[in-house]
Amino acid sequence: MNGHCLCGQVRFEIDGSHVKPYQCHCSLCRRQSGVMSNAASIVANDQFCWLRGTELISSWKSETGFRSDFCSSCGAPVPNPLRDMPYFWIPAGLLETGGKMEIVAHLCLAACRTLGIVAKIKLGEGRFCRFCRAIAGSIAQKSGEI
């Protein structure tokens, strides 16, 4: 599956046609994406390949280690390596969706609560880790939805 930034100058390829992205609602991901959540996937280094444009990639790194790589031409976020681990973070919106994508987890839903936003996730639909299921259940219970 191929992907590229907004202007198309940074291009990459990942092996496989079934991507399983998550949505993160933490403050860093919200600020990085400019919207209420950030959809991304994690792939192993051996399943990722740059096709062109790496010379256009700029990086910003916080004191805590959060890293954001972006195209210096159009500003779009681009894949970046996950610290010292053998994985790449892939923004789901950059992928040409010829393959199948399904959101498999919602992370940091408590951040939505602090903003006064209730995430309307029906329990039992989709797959969530125990932590995210507990958060979603707590939010739904407090809002009177269950």
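**An antiparallel sheet, its cysteines and a surface patch**

Strands β1 and β2 run antiparallel and are joined by three bridges. Strands here are DSSP runs of E with at least two residues, and helices are runs of H or I with at least four, numbered from the N terminus. Two strands count as paired if DSSP finds at least two bridges between them. The structure is a predicted model, in which local features need pLDDT of at least 70 and side-chain atom pairs count only at pLDDT 80 or more, while totals for chains, interfaces and linings use all residues. Residues are numbered from 1 along each chain as its sequence is written, and side-chain values use heavy atoms, with hydrogens and water left out.

Within the β1–β2 pair, asparagine 2 has glutamate 13 of β2 as its bridge partner. Six residues lie between the two strands of this hairpin. In the hairpin, glycine 8 takes a positive phi near 85°.

Strand β2 (residues 11–14) also pairs with β6, again in the antiparallel sense, over four bridges. Phenylalanine 12 is bridged to tryptophan 50 of β6. Isoleucine 14 has phenylalanine 48 of β6 as its partner. Strands of a sheet pair through backbone hydrogen bonds, either parallel or antiparallel.

Together, three strands form an open antiparallel sheet in the order β1-β2-β6. The edges are β1 (2–4) and β6 (48–52); each has a single partner strand, so one side of each is left without a neighbour in the sheet. The twist averages 25° from one strand to the next. For such angles, axes are lines fitted to C-alpha atoms (for helices, over the stretch in contact), and values run from 0 to 180 degrees between N-to-C directions.

In a regular strand the side chains alternate between the two faces of the sheet. Strand β2 shows this alternation. Phe12 and Ile14 point to one face and are buried. Arg11 and Glu13 point to the other face and are not buried. Buried means under 20% relative accessible area, exposed means over 50%, and partly exposed lies in between (1.4 Å probe, protein chains only).

The cysteines were examined next. A disulfide is a covalent bond between the sulfur atoms of two cysteines. With a cut-off of sulfur atoms within 2.5 Å, the whole structure contains zero disulfides. The sulfur of cysteine 5 has its closest cysteine sulfur in cysteine 7, at 3.6 Å, which is too far for a bond. Cysteine 5 is buried, at 2% relative accessible area. Cysteine 49 is partly exposed, at 36%.

The region around β9 and β10 has further features. Asparagine 80 lies in β9 and is buried, with a relative accessible area of 3%. Asparagine 80 and arginine 67 are 13 residues apart in sequence, and their C-alpha atoms are 7.8 Å apart in space. The loop between β9 (80–81) and β10 (87–91) holds methionine 85. Arginine 83 is also placed in the loop between β9 and β10. Arginine 83 is exposed, at 61% relative accessible area. Its phi is near 40°, a positive value in a residue other than glycine. Methionine 85 is partly exposed, at 46%.
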